Amino acid sequence: KGCKRLKKGFLLQDTEQLREIDNSINKKLYSFFMRIQLLTIFILSLLVLSSCSSYPSPSPLEETDVALKQLKTPEELQTFLRDHQQSQFFVKRDETLFMSENLGRATVAQDSGITGKPVSAPAKGSGDYSQTNVQVEGVDEADFVKNDGKYIYLVQNNELLILDAYPPATADIIAKAPLEGNAQQLFLNGDSIAVFSSYYGSYDTIQDLPGVDSSILPPLPTRETTLIHLYDVADRKKPVKITTLTAPGNYYQSRMVGDYVYLVSQESVSLYDPGYPIPLPAIREDTKIMAMSPVSYIDVYMPQLVFNHITAFNINNYEDIGLETLMMGYANTLYMSEKNLYIAHQKNYPYYYYRQPQGNQEDKFFSIVVPVLPNHIQNALEDIREKYADPYERTQQIYATYQDLFNQLSDAEKKQVRDDVTKALADYEEQLQEERQKTFIHRFSLDKTAIDYEGKGEVKGNLLNQFSLDEHNNYLRVATTFYLYGGRSTSYNNVYVLDAELNLVGSLERVAPDERIYSTRFIGDRLYMVTFRQVDPFFVIDLAQPTNPQILGALKIPGFSDYLHPYDENHLIGVGKDTEENQFGGVQTAGLKLALFDVSDVHNPKQRAKYIIGGQGTQSEALQDHKAFLFSREKNLLAIPVQEVQKNDWQNTWNGVYVFDLTPEQGFILKGKVDHTLPREKQTNYSYNQVRRSLYIGDTLYTLSQYYLKSNSLQNLEQAYTTIKLPQPTPVIYY
């Protein structure tokens with residue numbers, strides 16, 4: 001503080017002298033912190049070396065069961081972050097630095113007197129059109145393209161494009177609206193559109209610091225924000241921008257139920273110390289605060305903190321808005337039903353967090369190693385433990401006696417002791433990794449803009465993606481993979497069932513050892529799960545009794561599925577990779593594989609049909625993003641975007657869409673293909689113009705790549721209607 005006052009005093013008098021003082025201060029601070037770092041490393045080294053074993057405690061964390069805590073002022077948040085930052089070097093076992101029961105609602109006037117505008121019917125087009133492929137019926141997911149049976153709405157090159165798409169013969173771009181930030185995805189609701197952009201802006205405006213002279217403040221640091229661009233598109237040719245809201249955090253994912261949008265954004269927690277406290281999270285319209293939230297947290301230690309912001313608003317009345325912020329680990333999975341939002345993140349506690357103070361290492365030795373030794377060695381060591389009171393002398397006698405008695409064993413007995421001790425320590429390490437490698441799941445109940453924290457649960461292992469979670473009859477079903485690293489490397493898979501309070505009520509563990517989950521799909525009382533190592537085990541798992549999950553049947557075939565999609569109650573479609581034996585006798589991936597699974601006999605699932613596309617290296621957007629998967633059972637239509645490597649020749653790549661008729665009786669019948677391959681001279685190592693989405697309006701198929709939107713007849717794919725060239729980024733030329 002003295003340094004700051006000194007600098008302020010010189011600010012308007014002698015800038016050169018101020019610069020010299022500033023450099024002097026920086027050098028002294030650097031020297032000071034370097035000495036602190038060296039001292040810290042030295043102390044930590046002493047702590048490590050003082051232990052006679054490097055194996056931490058296998059007991060679970062003792063977490064405090066307290067209500068969700070809140071930081072309600074910028075000063076409280078600043079103090080908390082400083083304390084957490086300092087705790088990173090010295091973590092005590094009994095220290096709790098964090099979070100859980102009732103999240104406080106953000107303060108926002110719900111009775112604004114503004115009524116939501118009515119949702120008008122879309123302009124006259126086809127009543128038969130595709131919508132975004134979502135996980136949960138009734139819960140829409142944002143995407144970069146939407147359609148309403150007449151118009152296509154597209155986020156491209158940081159612009160909102162509106163295309164009059166139907167009828168296809170006259171399709172064209174009819175409107176463009178520039179978008180600030182890095183535009184990513186959108187929602188469409190009648191005549192309302194919400195577009196999300198990631199944006200880096202300053203922490204806050206000077207209006208948030210009344211009475212502070214901006215001339216004496218250092219530059220405001222940037223922070224991650226999400227811009228919510230709201231448009232009225234009643235006149236599709238002239239979209240009207242209603243407003244732009246600024247939400248805290250970088251855009252992660254979003255969902256929409258009815259008229260209400262739920263945006264989840266994330267922000268790294270950093271202690272910038274800009275000379276004033278970090279502001280609380282808020283949603284703004286320009287400088288007007290629309291909603292503000294305290295920062296909530298739970299009493300669980302986490303080495304890395306992330307702000308997870310949940311913004312809820314009415315897309316037709318943006319002043320009906322709310323905000324909640326939970327400080328926890330980095331969320332990597334989001335799942336939402338119509339009434340609940342689940343956010344999951346890894347536990348990720350550091351290895352040294354489980355270490356015990358000196359003295360407990362002896363307890364570990366007697367609880368882990370001694371029980372597997374020959375009886376006479378066990379008895380001798382126990383006698384020494386009771387005889388000697390001095391810890392140092394006792395430790396010396398234990399080692400000396402153990403070494404002496406071990407040397408008296410025969411070679412076969414020595415080998416057996418080594419094997420038994422090695423196994424005991426490996427089992428112990430597995431217990432530790434099982435405790436460290438857990439996933440926290442937080443549940444928020446949703447009622448329009450009311451967001452209430454309902455609690456957390458935890459399961460062993462890691463989630464693959466959003467399809468690893470499913471809510472059914474007030475139970476949350478979860479599928480995870482556990483990896484064991486170190487001397488005993490392996491993996492296995494688990495299925496857990498949690499109740500409404502996220503308490504564990506049922507489990508099925510160690511499914512498919514040495515394999516990992518590649519795809520899952522929960523449908524009703526069943527889970528369909530694909531794991532892989534060399535062949536593709538397709539499991540049918542019964543969840544009718546939540547307390548007793550059971551494997552009903554399994555199918556082992558070459559290849560694997562990265563995505564599973566229901567065809568009907570007895571069939572599923574799989575999209576993944578085929579496999580083949582390589583020249584060394586191992587297994588390698590081959591072409592893109594489509595499979596139709598028959599589960600009418602749950603104890604004996606079958607692969608009803610399959611179709612292989614291309615050779616090794618063939619890819620599809622549908623492998624990573626389910627929104628690229630287009631299927632209509634009513635039309636018997638399946639469209640898959642493909643980047644096809646032909647005959648394993650990476651220089652010979654075709655880009656487009658494969659279109660199939662699909663029935664259980666006839667399997668996959670290729671109707672045709674739509675080509676989006678660029679001319680060779682326009683291709684680069686980074687852009688082959690992959691098709692990312694397909695959609696239909698009536699009997700017209702629209703395929704979307706980076707450069708083109710093409711329309712073709714579904715009755716005859718060779719009949720092309722229009723090819724619309726899409727705006728591209730202006731190339732940057734460096735001199």
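This is a chat about one sheet and some salt bridges in a predicted model.

Colleague: Let's start with the sheet that has β30 in it. What's the strand order?

Modeller: The order is β30-β31-β32-β33, four strands in an open sheet with antiparallel pairing.

Colleague: Which strands stand at the edges?

Modeller: β30 (560–568) and β33 (606–613) do. Each has a single partner strand, so one side of each is left without a neighbour in the sheet.

Colleague: And how are neighbouring strands turned against each other?

Modeller: By 30 degrees on average, ignoring direction.

Colleague: How many bridges between β30 and β31?

Modeller: Seven, in the antiparallel sense, with β31 covering residues 571–581. To pick one of the contacts, Ser561 has Gly576 in β31 as its bridge partner.

Colleague: OK, switching to charges. How many salt bridges does the structure hold?

Modeller: It holds 22 salt bridges. One of them is in the sheet we just discussed: Asp598 with Arg608, where the closest N and O atoms are 2.3 Å apart.

Colleague: Where do those two lie?

Modeller: Asp598 is in strand β32 (residues 587–598) and Arg608 is in strand β33, so the pair ties together parts that are 10 residues apart in sequence.

Colleague: Is Asp598 buried or exposed?

Modeller: Buried, because its relative accessible area is 6%, and the cut-off for buried is under 20%. Arg608 counts as partly exposed at 45%.

Colleague: What about Lys438, which residue does its side chain meet?

Modeller: Glu458, in a salt bridge of 3.2 Å, N to O. That pair links distant parts of the chain, with Lys438 in strand β20 (residues 438–447) and Glu458 in strand β21 (residues 450–460), 20 residues apart.

Colleague: Lys438, buried or exposed?

Modeller: Buried, with a relative accessible area of 18%. Glu458 comes out as partly exposed at 25%.

Colleague: Any helix example? What does Lys415 pair with?

Modeller: Lys415 meets Asp419 in a salt bridge, 2.9 Å from N to O. Both sit in helix α7 (residues 411–436), four residues apart, which is about one turn of the helix.

Colleague: And how accessible is Lys415?

Modeller: Its relative accessible area is 51%, so Lys415 is exposed, given that exposed means over 50%. Asp419 is partly exposed at 38%.

Colleague: Last one: which residues are linked in a network of salt bridges?

Modeller: Asp143, Glu621, Asp625, Arg692 and Arg693 are linked that way.

Technical notes
Residues numbered from 1 in each chain as written. Predicted model: local features only at pLDDT ≥ 70, side-chain atom pairs only at ≥ 80, totals over all residues. Heavy atoms only, no water. Pairing = 2+ DSSP bridges. Axes fitted to C-alpha atoms, helices over the stretch in contact; angles between N-to-C directions. Salt bridge = Lys/Arg side-chain N within 4 Å of Asp/Glu carboxyl O. Buried < 20%, exposed > 50% of the residue type's maximum accessible area, 1.4 Å probe, protein only.
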